[in-house]
Amino acid sequence: MEFNKKIILITGAGSGIGRAASLAFAKEGGTVIVSDINEKGGLETLAQIEAAGGKGFFIKTNVAVFSEVEALMKKIKDQFGRLDIAVNNAGISGPTARTIDTALDTWEQVMSVNASGVFYGMKTQLPIMLEQGGGVIVNTSSIAGLRGLPNAIAYSASKHAVVGMTKTAAMEYARHNIRINAICPVFTVSPMFDPAALEKVKKGIPDKLKASIPMKRFGKIEEQVGAILWLCSDKASFVTGQALPVDGGLTA
Ligand SMILES: NC(=O)c1ccc[n+]([C@@H]2O[C@H](COP(=O)([O-])OP(=O)(O)OC[C@H]3O[C@@H](n4cnc5c(N)ncnc54)[C@H](O)[C@@H]3O)[C@@H](O)[C@H]2O)c1
(Lines give C-alpha, C1' and ligand atoms only; values in the text may rest on other atoms or scores of the structure.)
Protein backbone atom coordinates (compact mmCIF):
# COMPACT_ATOMS: atom_id res chain seq x y z
CA MET A 1 0.00 0.00 0.00
CA GLU A 2 2.75 2.38 -1.09
CA PHE A 3 0.35 5.28 -1.81
CA ASN A 4 -2.01 4.79 1.13
CA LYS A 5 -3.89 8.02 2.00
CA LYS A 6 -2.27 9.89 -0.89
CA ILE A 7 -4.41 12.19 -3.05
CA ILE A 8 -3.38 11.61 -6.65
CA LEU A 9 -4.49 13.45 -9.79
CA ILE A 10 -4.05 11.87 -13.22
CA THR A 11 -5.00 13.71 -16.41
CA GLY A 12 -5.79 11.76 -19.55
CA ALA A 13 -6.94 9.02 -17.18
CA GLY A 14 -9.80 7.84 -19.38
CA SER A 15 -7.63 5.62 -21.56
CA GLY A 16 -4.26 3.94 -22.10
CA ILE A 17 -1.35 4.83 -19.83
CA GLY A 18 -3.41 7.23 -17.67
CA ARG A 19 -6.11 4.63 -17.01
CA ALA A 20 -3.58 1.92 -16.14
CA ALA A 21 -1.69 4.33 -13.85
CA SER A 22 -4.97 5.24 -12.11
CA LEU A 23 -5.72 1.58 -11.44
CA ALA A 24 -2.18 0.93 -10.19
CA PHE A 25 -2.19 3.92 -7.78
CA ALA A 26 -5.63 2.92 -6.47
CA LYS A 27 -4.42 -0.65 -5.94
CA GLU A 28 -1.61 0.77 -3.79
CA GLY A 29 -4.12 2.56 -1.57
CA GLY A 30 -4.23 6.00 -3.19
CA THR A 31 -7.35 8.09 -3.72
CA VAL A 32 -7.27 8.79 -7.45
CA ILE A 33 -8.83 11.80 -9.12
CA VAL A 34 -9.44 10.53 -12.61
CA SER A 35 -9.53 13.47 -15.02
CA ASP A 36 -10.13 13.45 -18.75
CA ILE A 37 -11.90 15.45 -21.46
CA ASN A 38 -13.66 12.18 -22.37
CA GLU A 39 -16.36 11.63 -19.78
CA LYS A 40 -17.21 8.11 -20.92
CA GLY A 41 -13.60 6.94 -20.72
CA GLY A 42 -13.07 8.64 -17.37
CA LEU A 43 -16.19 7.06 -15.86
CA GLU A 44 -15.08 3.66 -17.16
CA THR A 45 -11.72 4.08 -15.41
CA LEU A 46 -13.53 5.07 -12.21
CA ALA A 47 -15.79 2.00 -12.48
CA GLN A 48 -12.71 -0.22 -12.89
CA ILE A 49 -11.07 1.35 -9.82
CA GLU A 50 -14.21 0.79 -7.75
CA ALA A 51 -14.71 -2.76 -9.04
CA ALA A 52 -11.19 -3.55 -7.80
CA GLY A 53 -12.03 -2.13 -4.35
CA GLY A 54 -10.16 1.16 -4.81
CA LYS A 55 -11.11 4.77 -4.21
CA GLY A 56 -11.54 7.34 -6.96
CA PHE A 57 -13.45 10.36 -8.29
CA PHE A 58 -13.97 11.59 -11.82
CA ILE A 59 -13.64 15.26 -12.75
CA LYS A 60 -14.07 16.14 -16.42
CA THR A 61 -11.42 18.62 -17.55
CA ASN A 62 -9.97 19.89 -20.81
CA VAL A 63 -6.30 20.47 -19.92
CA ALA A 64 -5.96 22.93 -22.80
CA VAL A 65 -8.35 25.42 -21.14
CA PHE A 66 -6.74 27.26 -18.22
CA SER A 67 -10.03 28.08 -16.44
CA GLU A 68 -10.98 24.37 -16.44
CA VAL A 69 -7.59 23.36 -15.02
CA GLU A 70 -7.88 26.05 -12.34
CA ALA A 71 -11.37 24.81 -11.47
CA LEU A 72 -10.10 21.22 -11.26
CA MET A 73 -7.40 22.16 -8.75
CA LYS A 74 -9.89 24.28 -6.73
CA LYS A 75 -12.27 21.29 -6.50
CA ILE A 76 -9.42 19.05 -5.34
CA LYS A 77 -8.31 21.63 -2.72
CA ASP A 78 -11.89 22.15 -1.48
CA GLN A 79 -12.76 18.45 -1.35
CA PHE A 80 -9.52 16.86 -0.17
CA GLY A 81 -7.51 19.76 1.23
CA ARG A 82 -4.33 18.57 -0.48
CA LEU A 83 -2.73 17.13 -3.62
CA ASP A 84 0.19 14.76 -3.03
CA ILE A 85 0.86 13.55 -6.58
CA ALA A 86 -0.03 14.93 -10.02
CA VAL A 87 0.54 13.05 -13.26
CA ASN A 88 0.12 15.42 -16.19
CA ASN A 89 -0.41 12.75 -18.81
CA ALA A 90 -3.15 13.94 -21.19
CA GLY A 91 -1.89 14.14 -24.74
CA ILE A 92 -2.78 13.91 -28.41
CA SER A 93 -0.64 12.90 -31.35
CA GLY A 94 -2.28 14.89 -34.17
CA PRO A 95 -2.22 13.87 -37.83
CA THR A 96 1.17 13.06 -39.33
CA ALA A 97 2.62 15.27 -42.06
CA ARG A 98 5.93 16.81 -43.04
CA THR A 99 6.69 20.24 -41.65
CA ILE A 100 5.51 22.30 -44.61
CA ASP A 101 2.31 20.25 -44.85
CA THR A 102 1.46 20.55 -41.15
CA ALA A 103 -1.74 22.55 -40.76
CA LEU A 104 -1.73 25.53 -38.41
CA ASP A 105 -4.69 23.97 -36.63
CA THR A 106 -2.65 20.84 -35.93
CA TRP A 107 0.19 22.92 -34.51
CA GLU A 108 -2.15 24.90 -32.28
CA GLN A 109 -4.14 21.91 -31.03
CA VAL A 110 -1.16 19.70 -30.28
CA MET A 111 0.78 22.51 -28.58
CA SER A 112 -2.24 23.57 -26.53
CA VAL A 113 -3.01 20.09 -25.17
CA ASN A 114 0.51 18.67 -24.81
CA ALA A 115 2.52 21.77 -23.88
CA SER A 116 0.08 24.36 -22.48
CA GLY A 117 -1.82 21.55 -20.73
CA VAL A 118 1.28 20.58 -18.75
CA PHE A 119 2.12 24.23 -17.97
CA TYR A 120 -1.45 24.94 -16.79
CA GLY A 121 -1.28 21.79 -14.70
CA MET A 122 1.97 22.66 -12.91
CA LYS A 123 1.01 26.34 -12.54
CA THR A 124 -2.11 25.36 -10.56
CA GLN A 125 -0.77 22.25 -8.76
CA LEU A 126 2.40 23.85 -7.37
CA PRO A 127 0.66 26.40 -5.09
CA ILE A 128 -1.19 23.55 -3.33
CA MET A 129 2.04 21.55 -2.97
CA LEU A 130 3.95 24.60 -1.70
CA GLU A 131 1.29 25.29 0.90
CA GLN A 132 1.28 21.70 2.19
CA GLY A 133 5.09 21.51 2.19
CA GLY A 134 5.78 19.07 -0.65
CA GLY A 135 4.55 16.91 -3.49
CA VAL A 136 5.49 14.99 -6.60
CA ILE A 137 4.72 15.69 -10.25
CA VAL A 138 5.32 13.42 -13.23
CA ASN A 139 4.74 14.77 -16.74
CA THR A 140 4.34 12.47 -19.72
CA SER A 141 6.74 13.46 -22.49
CA SER A 142 7.95 11.02 -25.16
CA ILE A 143 11.11 9.91 -26.91
CA ALA A 144 9.94 12.63 -29.31
CA GLY A 145 10.80 15.03 -26.48
CA LEU A 146 14.44 13.93 -26.66
CA ARG A 147 14.99 13.50 -30.39
CA GLY A 148 13.28 14.39 -33.66
CA LEU A 149 10.28 12.47 -34.95
CA PRO A 150 9.80 12.99 -38.69
CA ASN A 151 6.22 13.83 -39.73
CA ALA A 152 5.31 14.97 -36.23
CA ILE A 153 6.79 18.45 -35.80
CA ALA A 154 4.07 19.73 -33.45
CA TYR A 155 4.12 16.56 -31.35
CA SER A 156 7.91 16.62 -31.10
CA ALA A 157 7.95 20.34 -30.25
CA SER A 158 5.29 19.88 -27.58
CA LYS A 159 7.09 16.94 -25.98
CA HIS A 160 10.46 18.82 -26.00
CA ALA A 161 8.55 21.62 -24.25
CA VAL A 162 7.42 19.14 -21.58
CA VAL A 163 11.05 18.17 -20.91
CA GLY A 164 12.12 21.84 -20.68
CA MET A 165 9.26 22.73 -18.35
CA THR A 166 9.92 19.66 -16.18
CA LYS A 167 13.61 20.54 -15.71
CA THR A 168 12.92 24.24 -15.10
CA ALA A 169 10.14 23.74 -12.56
CA ALA A 170 12.14 20.95 -10.84
CA MET A 171 15.04 23.36 -10.27
CA GLU A 172 12.72 26.09 -9.03
CA TYR A 173 10.90 23.93 -6.45
CA ALA A 174 13.52 21.34 -5.41
CA ARG A 175 14.22 23.24 -2.17
CA HIS A 176 10.50 23.15 -1.35
CA ASN A 177 10.36 19.35 -1.17
CA ILE A 178 8.63 19.08 -4.55
CA ARG A 179 10.05 16.61 -7.07
CA ILE A 180 9.19 16.95 -10.76
CA ASN A 181 10.18 14.43 -13.42
CA ALA A 182 9.02 13.28 -16.85
CA ILE A 183 8.77 9.91 -18.50
CA CYS A 184 9.67 9.57 -22.17
CA PRO A 185 7.91 6.51 -23.60
CA VAL A 186 8.81 4.93 -26.91
CA PHE A 187 5.95 3.53 -29.06
CA THR A 188 3.72 1.83 -26.50
CA VAL A 189 0.70 -0.21 -27.52
CA SER A 190 -2.36 1.81 -26.49
CA PRO A 191 -5.37 3.45 -28.15
CA MET A 192 -2.96 6.22 -29.27
CA PHE A 193 -0.47 3.79 -30.83
CA ASP A 194 -2.13 0.73 -32.34
CA PRO A 195 0.34 -1.21 -34.53
CA ALA A 196 -2.42 -3.34 -36.10
CA ALA A 197 -4.36 -0.24 -37.23
CA LEU A 198 -1.13 1.41 -38.44
CA GLU A 199 -0.23 -1.69 -40.48
CA LYS A 200 -3.53 -1.36 -42.36
CA VAL A 201 -2.80 2.26 -43.30
CA LYS A 202 0.97 2.03 -43.81
CA LYS A 203 2.08 -1.49 -44.58
CA GLY A 204 5.41 -2.50 -43.06
CA ILE A 205 5.80 0.61 -40.87
CA PRO A 206 5.16 -1.12 -37.51
CA ASP A 207 7.90 -3.68 -38.29
CA LYS A 208 10.32 -0.88 -39.25
CA LEU A 209 9.56 1.02 -36.06
CA LYS A 210 10.01 -2.13 -33.99
CA ALA A 211 13.32 -2.88 -35.69
CA SER A 212 14.61 0.57 -34.66
CA ILE A 213 14.22 -0.31 -30.96
CA PRO A 214 17.19 -2.26 -29.52
CA MET A 215 14.85 -4.56 -27.56
CA LYS A 216 12.99 -5.27 -30.84
CA ARG A 217 9.52 -4.77 -29.44
CA PHE A 218 7.07 -2.00 -28.55
CA GLY A 219 6.53 -0.84 -24.99
CA LYS A 220 3.76 -2.16 -22.80
CA ILE A 221 1.46 0.17 -20.89
CA GLU A 222 2.47 -1.53 -17.60
CA GLU A 223 6.11 -0.65 -18.30
CA GLN A 224 5.26 3.06 -18.53
CA VAL A 225 3.11 2.79 -15.41
CA GLY A 226 5.96 1.11 -13.54
CA ALA A 227 8.19 4.11 -14.23
CA ILE A 228 5.49 6.60 -13.20
CA LEU A 229 4.86 4.81 -9.90
CA TRP A 230 8.55 4.53 -9.13
CA LEU A 231 9.14 8.24 -9.81
CA CYS A 232 6.19 9.10 -7.54
CA SER A 233 7.37 6.79 -4.74
CA ASP A 234 9.79 7.46 -1.91
CA LYS A 235 12.21 5.07 -3.65
CA ALA A 236 12.92 7.98 -6.03
CA SER A 237 13.27 10.52 -3.20
CA PHE A 238 16.53 12.03 -4.59
CA VAL A 239 15.42 12.05 -8.26
CA THR A 240 14.18 15.32 -9.71
CA GLY A 241 14.42 17.21 -12.99
CA GLN A 242 14.87 14.04 -15.02
CA ALA A 243 13.34 13.00 -18.34
CA LEU A 244 13.43 9.21 -18.04
CA PRO A 245 13.34 7.30 -21.33
CA VAL A 246 11.26 4.13 -21.05
CA ASP A 247 12.19 3.03 -24.52
CA GLY A 248 13.78 -0.42 -24.86
CA GLY A 249 17.13 1.29 -25.45
CA LEU A 250 16.11 3.53 -28.37
CA THR A 251 17.71 6.74 -27.11
CA ALA A 252 20.88 4.92 -26.04
N1 LIG B 1 1.34 5.34 -26.65
C2 LIG B 1 2.52 5.77 -27.07
O3 LIG B 1 3.16 5.18 -27.95
C4 LIG B 1 3.13 7.00 -26.44
C5 LIG B 1 4.48 7.28 -26.68
C6 LIG B 1 5.05 8.40 -26.13
C7 LIG B 1 4.28 9.26 -25.34
N8 LIG B 1 2.97 8.97 -25.13
C9 LIG B 1 2.20 9.92 -24.31
O10 LIG B 1 1.56 9.25 -23.26
C11 LIG B 1 0.38 9.95 -22.88
C12 LIG B 1 -0.77 8.97 -22.81
O13 LIG B 1 -0.94 8.41 -24.09
P14 LIG B 1 -1.73 7.04 -24.35
O15 LIG B 1 -0.89 6.22 -25.22
O16 LIG B 1 -2.24 6.50 -23.08
O17 LIG B 1 -2.92 7.62 -25.27
P18 LIG B 1 -4.51 7.54 -25.16
O19 LIG B 1 -5.02 8.20 -26.38
O20 LIG B 1 -4.93 6.14 -24.85
O21 LIG B 1 -4.83 8.44 -23.86
C22 LIG B 1 -4.77 9.84 -23.88
C23 LIG B 1 -5.91 10.38 -23.02
O24 LIG B 1 -5.79 11.81 -22.98
C25 LIG B 1 -7.09 12.36 -23.07
N26 LIG B 1 -7.05 13.72 -23.59
C27 LIG B 1 -6.77 14.13 -24.85
N28 LIG B 1 -6.89 15.46 -24.96
C29 LIG B 1 -7.25 15.91 -23.71
C30 LIG B 1 -7.52 17.19 -23.19
N31 LIG B 1 -7.47 18.30 -23.95
N32 LIG B 1 -7.85 17.29 -21.88
C33 LIG B 1 -7.91 16.18 -21.09
N34 LIG B 1 -7.69 14.94 -21.55
C35 LIG B 1 -7.35 14.81 -22.85
C36 LIG B 1 -7.82 11.42 -24.03
O37 LIG B 1 -9.24 11.57 -23.91
C38 LIG B 1 -7.31 10.06 -23.59
O39 LIG B 1 -8.13 9.51 -22.58
C40 LIG B 1 0.22 11.06 -23.91
O41 LIG B 1 0.72 12.29 -23.37
C42 LIG B 1 1.08 10.61 -25.06
O43 LIG B 1 1.55 11.68 -25.86
C44 LIG B 1 2.37 7.87 -25.65
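## A helix with two faces and the sheet beside it

Let's start with helix α3, whose buried residues are Val69, Leu72, Met73 and Ile76. These four span an arc of only 90° around the axis, which places them on the same side of α3. The spacing fits a familiar rule: an α-helix has 3.6 residues a turn, so residues three or four places apart point the same way. Keep in mind as you look around that this is a predicted model.

What does the face turned away from the buried side of α3 carry? There you will find the exposed residues Ser67, Lys74, Asp78 and Gln79. The helix itself runs over residues 66–80, and at 1.5 Å a residue its 15 residues should span 21 Å; the end C-alpha atoms are 21 Å apart, which agrees. Just after α3 comes Gly81, with a positive phi of about 80°.

Now follow the buried side inward. Its residues pack against β1 (7–11), β2, β3 and α4 (104–132). Those three strands belong to an open sheet of 7 strands with parallel pairing, ordered β3-β2-β1-β4-β5-β6-β7. At the edges stand β3 (55–60) and β7 (243–246); each has a single partner strand, so one side of each is left without a neighbour in the sheet. On average, neighbouring strands are turned by 20° against each other, direction ignored.

Further along the sheet, β5 (residues 135–140) and β6 (residues 178–185) run parallel and are joined by 6 bridges. In this pair, Gly135 of β5 stands opposite Ile178 in β6. Helix α2 (residues 39–51) also packs on the sheet, touching β2 (31–36) and β3, and its direction makes about 175° with that of β3.

Conventions. Residues are numbered from 1 along each chain as its sequence is written. This is a predicted model: local features need pLDDT of at least 70, side-chain atom pairs count only at pLDDT 80 or more; totals for chains, interfaces and linings use all residues. Two strands pair if DSSP finds at least two bridges between them. Helices (H or I, at least four residues) and strands (E, at least two) are DSSP runs, numbered from the N terminus. Axes are lines fitted to C-alpha atoms, for helices over the stretch in contact, and angles run from 0 to 180 degrees between N-to-C directions. Two residues are in contact if their C-beta atoms, placed from the backbone, lie within 7 Å. The expected span of a helix is 1.5 Å times one less than its number of residues. A residue is buried if 20 or more other C-beta atoms lie within 10 Å of its own, exposed if 12 or fewer, and partly exposed in between; C-beta atoms are placed from the backbone. The arc is that of the directions from the helix axis to the C-beta atoms.
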